[in-house]
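Open the model in your viewer and keep the sequence panel visible. The stops below are given in the order in which to select them.

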Amino acid sequence: MSNRTIYWFRNDLRLHDNEGFLKASQRPGEIIPVYVFDPRIFELSPLGFRKTGIFKTRFLLESVEDLRRSLQAKGADLLIRFGEPEKVLAELAQQYDVSEIHLSKEVAQEETDVESSLSKRLKILNVDMVFTWMATLYHVRDLPFGFNKLPNVFTDFRKSVEKNTSVRPTLAEPSALNLPEEFVPGEIPSFQTLGYEETELIQADGRGVLDFKGGETAGLQRLHAYLWETQNLATYKTTRNGLLGADYSSKFSAWLAVGCLSPRKVYEEVKRFETEIIVNDSTYWLIFELLWRDYFRFVMLRWGTRLFKPSGLKLDKDKTWKQDKALFERWTSGQTGVPFVDANMRELNATGFMSNRGRQNVASFLAHDLGIDWTWGAAYFESLLLDYDVCSNWGNWNYIAGVGNDPRENRYFNTYSQATRYDPDGAYLRHWLPELAEVPADRLNKVWQLSKSEQETYGVSLGSTYPLPIIPADKWL
Ligand SMILES: Cc1cc2nc3c(=O)[nH]c(=O)nc-3n(C[C@H](O)[C@H](O)[C@H](O)COP(=O)(O)OP(=O)(O)OC[C@H]3O[C@@H](n4cnc5c(N)ncnc54)[C@H](O)[C@@H]3O)c2cc1C
């Protein structure tokens with residue numbers, strides 16, 4: 001019987017608080033840390049954009065590179081392959097004669113399909129699979145209810161876990177890591193190997209909120225900066241609906257999504273901040289938001305594929321959605337003629353990021369004002385967001401589209417009042433819509449009403465330099 005273990009890194013690209021990797025490293029014998037780039041996640045979707053777009057791909061490559069460096073610093077390495085993980089891992093298991101493959105547990109369909117397929121292949125080889133639950137703040141086993149009894153309403157979920165459960169402490173990094181002698185590390189794939197054309201390799205726009213860099217090192221630096229260097233956490237609740245700049249919100253999402261940051265690490269640091277600096281609504285609110293993240297993961301675990309269908313969690317088969325590509329492309333390209341929607345979509349296209357306020361508004365606009373199949377919007381976000389997380393993305397879209405398990409019937413956002421409330425002086429619009437730079441703040445969000453002579457004064461030509469709205473936008477005023 002061999003004494004070798006493969007640890008398959010998935011969305012847990014870190015050494016701190018990585019329970020699965022720690023356990024695997026404590027087994028007697030040698031360990032082979034592996035990352036596999038799956039070609040399927042870089043393919044073009046039926047709507048014509050890549051499932052994983054350039055921003056998240058770059059972030060992922062940087063994260064894997066960082067993990068490799070950290071392992072090398074411990075005298076180990078990361079074995080990197082390109083191919084379908086269920087096949088690659090089964091081959092590696094044979095090649096290296098391993099007895100166990102350890103991995104984190106995922107919950108969404110594509111990920112669990114890979115798990116099942118790998119499991120079948122490994123059975124034949126007599127190799128065991130050992131799963132560890134890792135992505136959430138609260139451990140699934142610590143929930144005060146079985147996951148099939150998950151409350152339909154977030155507030156019930158939150159109150160129940162806050163009252164009855166505690167967050168498990170973070171775990172140390174592994175110390176000793178022994179690689180087999182015949183270990184062949186492999187190269188990090190190029191963009192070309194992942195299927196990218198030269199023209200797709202755009203860099204994030206310098207106007208973005210932050211220069212996001214993938215990896216545990218950068219994730220921990222951001223955690224340190226947001227809590228300890230700037231102490232922005234102390235005002236998070238009042239700034240979190242902002243739109244411009246690095247510090248209105250934590251920006252932890254991209255690192256959390258690929259596991260460069262552990263949510264429990266964030267929690268512990270917030271608790272330390274509360275002991276050493278201040279306890280207030282803001283410190284609580286960051287944890288509150290992490291509970292939304294947990295909730296959507298448990299929702300995915302409970303309701304699975306329902307989240308990906310237009311009828312949503314609610315199984316609402318009566319509602320019909322338009323599948324109008326031309327209209328959809330006006331939305332994706334930020335050419336709807338509604339400035340707040342366009343500014344947010346252009347930010348997303350240029351940087352891979354959009355604020356939570358922006359996401360809510362553009363999603364509501366697509367689903368309710370345009371009546372377009374919201375799953376198209378969710379798929380577009382999947383491709384563009386550098387913090388794309390299957391549970392948070394599809395879960396939030398269900399809620400906004402009104403097909404989630406939400407007690408509030410109507411999640412409609414009046415874009416005009418949202419824009420004037422959250423961007424009162426128009427700074428955000430001017431940042432992303434330079435063609436409207438000269439328009440006074442009180443006219444920006446109803447720019448379609450400018451007369452010909454006003455258009456001349458403000459250097460904008462409606463229908464030419466900036467589009468007329470694709471909906472009767474006066475309804476909001
Ligand atoms: C339509 C739509 C799609 C979204 N898609 C994603 C996605 O793919 N990936 C993703 O991480 N978040 C998604 N969100 C949630 C939220 O917009 C982002 O997590 C947040 O904007 C990221 O910025 P931040 O890290 O500065 O957040 P902060 O405000 O600093 O919040 C801290 C952390 O809490 C979590 N969080 C905050 N709000 C939510 C929420 N509504 N749902 C789940 N978790 C939350 C995130 O992990 C975030 O990093 C989506 C929201 C909407 C409305």
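Two strands are said to pair if DSSP finds at least two bridges between them. Helices (H or I, at least four residues) and strands (E, at least two) are DSSP runs, numbered from the N terminus. The model is a predicted one, in which local features need pLDDT of at least 70 and side-chain atom pairs count only at pLDDT 80 or more, while totals for chains, interfaces and linings use all residues. Residues are numbered from 1 along each chain as its sequence is written, and side-chain values use heavy atoms, with hydrogens and water left out.

**Stop 1: strand S4**

Select residues 100-104, which form strand S4. S4 runs parallel to strand S5 (residues 128-132), and five bridges join the two. Within that pairing, Glu100 has Asp128 of S5 as its bridge partner. Now add residues 4-9, strand S1, which pairs with S4 in the parallel sense over four bridges. Here Trp8 stands opposite Leu103 of S4.

Which residues of S4 are buried on each side? Glu100, His102 and Ser104 are buried on one side, and Ile101 and Leu103 on the other. Buried means under 20% relative accessible area, with exposed over 50% and partly exposed in between (1.4 Å probe, protein chains only).

**Stop 2: Ser63**

Select Ser63, in helix H2 (residues 54-73). Its relative accessible area is 0%, so Ser63 is buried. A polar atom of the Ser63 side chain lies 3.0 Å from the backbone nitrogen of Gly215. Show the neighbours too: Ser63 touches Leu13, Gly214, Gly215, Val258 and Cys260, leaving out residues up to four places away in sequence. Contact means heavy atoms within 4.5 Å.

**Stop 3: helix H9**

Select residues 263-276, helix H9. Its 14 residues reach 20 Å from first C-alpha to last, close to the 20 Å expected at 1.5 Å a residue; the expected span is 1.5 Å times one less than the number of residues. Just before the helix, Ser262 caps the N-terminal end of H9, with a side-chain oxygen 3.1 Å from the backbone nitrogen of Arg264.

The buried residues of H9 include Val266, Tyr267, Val270 and Phe273. Among the elements that cover the buried residues of H9 are helix H1 (19-25), helix H6 (216-229), helix H8 (253-257) and helix H10 (281-303).

**Stop 4: Arg297**

Stay on H10 and select Arg297. Arg297 counts as buried because its relative accessibility is 6%. Cys391 is 94 residues away along the chain, yet the C-alpha atoms of Arg297 and Cys391 are separated by 5.2 Å. Other contacts of Arg297 include Glu106, Trp133 and Asp389.

**Stop 5: Glu347**

Move to helix H12 (residues 339-351) and select Glu347. How far away is the nearest side chain of opposite charge? That side chain, Lys251, is 7.8 Å away, and Glu347 is buried with no salt bridge. A salt bridge is a side-chain nitrogen of Lys or Arg within 4 Å of a carboxyl oxygen of Asp or Glu. Residues that Glu347 touches include Val209, Leu243, Tyr428 and Trp432.

**Stop 6: helix H13**

Finish with residues 356-369, helix H13. Twelve of its 14 residues are buried. H12 is among the elements covering them, as are helix H11 (325-332), helix H14 (374-384), helix H15 (390-401) and helix H16 (415-422). After H13 comes Gly371, whose phi is positive, near 65°.

Conventions:
Lys and Arg count as positive and Asp and Glu as negative; His and the chain ends are not counted. A polar contact is a pair of N or O atoms within 3.5 Å; within protein, one must be able to donate a hydrogen and the other to accept it, and residues adjacent in sequence count only if both atoms are side-chain atoms.
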